[in-house]
Amino acid sequence: MTDSATVLAEGDSHFPPGIHSFDFRDWFTGLSDTALAHVFTTITFAVWLGVAVLIVFFLWAYRKPQIVPTKKQWIAESAYGFIRNTVAIDQMGKKEGVKFAPYLATLFLFILVMNFWAIVPGIQVSPMAHIAFPAMLGVLSWIIYMAVGFKKHGFIGFLKITCVPPGAPWFIYPLLIPIEFLQNLILRPVTLALRLFANMFAGHLILLVFILGGFEMLNSGNVFIQGLSVFSFAMGIAMTLFELIVILLQAYVFTLLTGMYIQGSLADEH
């Protein structure tokens, strides 16, 4: 049997994973010869398909709405109602919360579906494991946070409420104001994006380590190492179940923090 070092040297192995793990072009014969190969990757495919699934499902669920909801209508209403009640209304009150519930529900469902790709065989990577997508969601939430604050308090008023801690002695303002400005107006989209990205990227790598490690052990010439592949595959299954919890939790945390930030921009004092 050819040893692993020789195989890796000849370039015939896809282990350890590299950029090709995020590539979609090899899924279709001849796609690598077209211009589409430069833009149609696993991640872009997952995003487009996930968005299509969400749009089609909600159009289908509400095609003929009824007072007594059907199963599909109940699922759609429950998904929206969960975020409306536990995030929007709980954070901002009924009057303001209902206004932002559609955005928050859309944000939650989009992240949830994108994260779910991390455990789908054949895809097994979340678009949120690519920093561009969490970054854009963080910037979008930050724009809404800023726009709501400026609209309610005015430019100077919002900066004052955000950057000047109430009740602090005036002589420590030179220290506190830059910190508050950096924390509340600059770092919020960064922390939102990095939290989601880091969790999904780490989960992707952990699954790769156990699953691909199991295959490498199975292909080993040592019987003992081949036996250890069972443990590696078992850990891969266990971590997939754990990743399901992370998928749900990270979608909710991102949405919850966005709701908290919007509520903070509506408040008279922080």
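These exercises work through a predicted model of one protein, each with a solution in steps.

**Exercise 1. The fold**

Task: State how many helices and strands the protein has, and how they run along the sequence.

Solution:
- Count the elements. There are seven helices and zero strands.
- Read from one end to the other. The pattern is α-α-α-α-α-α-α.
- Check burial. Of the 270 residues in the protein, 34% are buried.
- Turn to contacts with a separation of 6 or more. Residues 24 or more positions apart account for 64% of them.

**Exercise 2. An aromatic pair**

Task: Classify the ring pair Y145 and F158, and place each residue in its helix.

Solution:
- Start with distance. The ring centres of Y145 and F158 lie 5.7 Å apart. Pairing requires centres within 6.5 Å, so this is a pair.
- Take the angle next. The planes of Y145 and F158 are 70 degrees apart. Over 60 degrees counts as edge-to-face, so that is the class of this pair.
- Locate the residues. Y145 sits in helix α4 (residues 132–153) and F158 in helix α5 (residues 155–163). They are 13 residues apart.
- Check burial. Y145 has a relative accessible area of 1%, and F158 has 0%. Buried means under 20%, so Y145 is buried, and so is F158.

**Exercise 3. Extending the pair**

Task: Classify the pair F150 and F158, then name the cluster that ring pairs build.

Solution:
- The ring centres of F150 and F158 are 5.2 Å apart, with planes at 85 degrees, so this pair is edge-to-face.
- F150 has a relative accessible area of 28%, which makes it partly exposed.
- Follow the ring pairs onward. They link Y145, F150, F155, F158 and Y261 into a cluster.
- Count aromatic pairs over the structure. There are ten.

**Exercise 4. A charge over a ring**

Task: Find which residue lies over the face of W60, and at what distance.

Solution:
- The residue is K72.
- K72 is 5.1 Å from the ring centre of W60.

**Exercise 5. The nonpolar core**

Task: Describe the largest nonpolar core: its size, its contributors and the residues that touch the most other members.

Solution:
- The core holds 46 residues. L104, I111, M128 and M200 touch the most other members.
- List the helices that each supply at least two residues. They are α2 (42–61), α3 (71–116), α4, α5, α6 (173–218) and α7 (223–266).
- Find the largest share. Helix α3 gives it, with 16 residues.
- Zoom in on M200. Leaving out residues up to four places away in sequence, M200 touches N115, A118, S126, M128, A129, E243, V246 and I247.
- Add the background. In soluble globular proteins, nonpolar side chains tend to be buried together.

**Exercise 6. The cavity**

Task: Count the cavities of 30 Å³ or more, then identify what lines the largest cavity.

Solution:
- There is one cavity of 30 Å³ or more. The largest cavity has a volume of about 30 Å³.
- Its lining residues are L192, R195, L196, Q250, V253, F254 and L257.
- Assign them to elements. Helices α6 and α7 give two or more residues to this lining.
- Compare shares. The largest, four residues, comes from α7.

**Exercise 7. Far in sequence**

Task: Place A132 in its helix, decide whether A132 is buried, partly exposed or exposed, and relate A132 to A193.

Solution:
- A132 belongs to helix α4.
- Its relative accessibility is 36%, so A132 is partly exposed.
- A132 and A193 are 61 residues apart in sequence. Their C-alpha atoms are 8.8 Å apart in space.

How values were computed:
Residues are numbered from 1 along each chain as its sequence is written. This is a predicted model: local features need pLDDT of at least 70, side-chain atom pairs count only at pLDDT 80 or more; totals for chains, interfaces and linings use all residues. Side-chain values use heavy atoms; hydrogens and water are left out. Rings of Phe, Tyr and Trp (its six-membered ring) pair if their centres lie within 6.5 Å; planes under 30 degrees apart count as stacked, over 60 as edge-to-face and the rest as tilted. Buried means under 20% relative accessible area, exposed over 50%, partly exposed in between (1.4 Å probe, protein chains only). A charge sits over a ring if NZ of Lys or CZ of Arg is within 6 Å of the ring centre and within 35 degrees of the ring normal. A nonpolar core is a set of buried Ala, Val, Leu, Ile, Met, Phe, Trp, Tyr and Cys residues joined through side-chain atoms within 4.5 Å. Contact means heavy atoms within 4.5 Å. On a 1 Å grid over the protein atoms alone, a cavity is a set of points where a 1.4 Å probe fits but cannot get out, and a pocket is an open set with protein on both sides within 12 Å along at least five of seven lines; lining residues have an atom within 4 Å of a point. Grid points are joined across faces, edges and corners, and a volume is the space filled by probe spheres set on the points.
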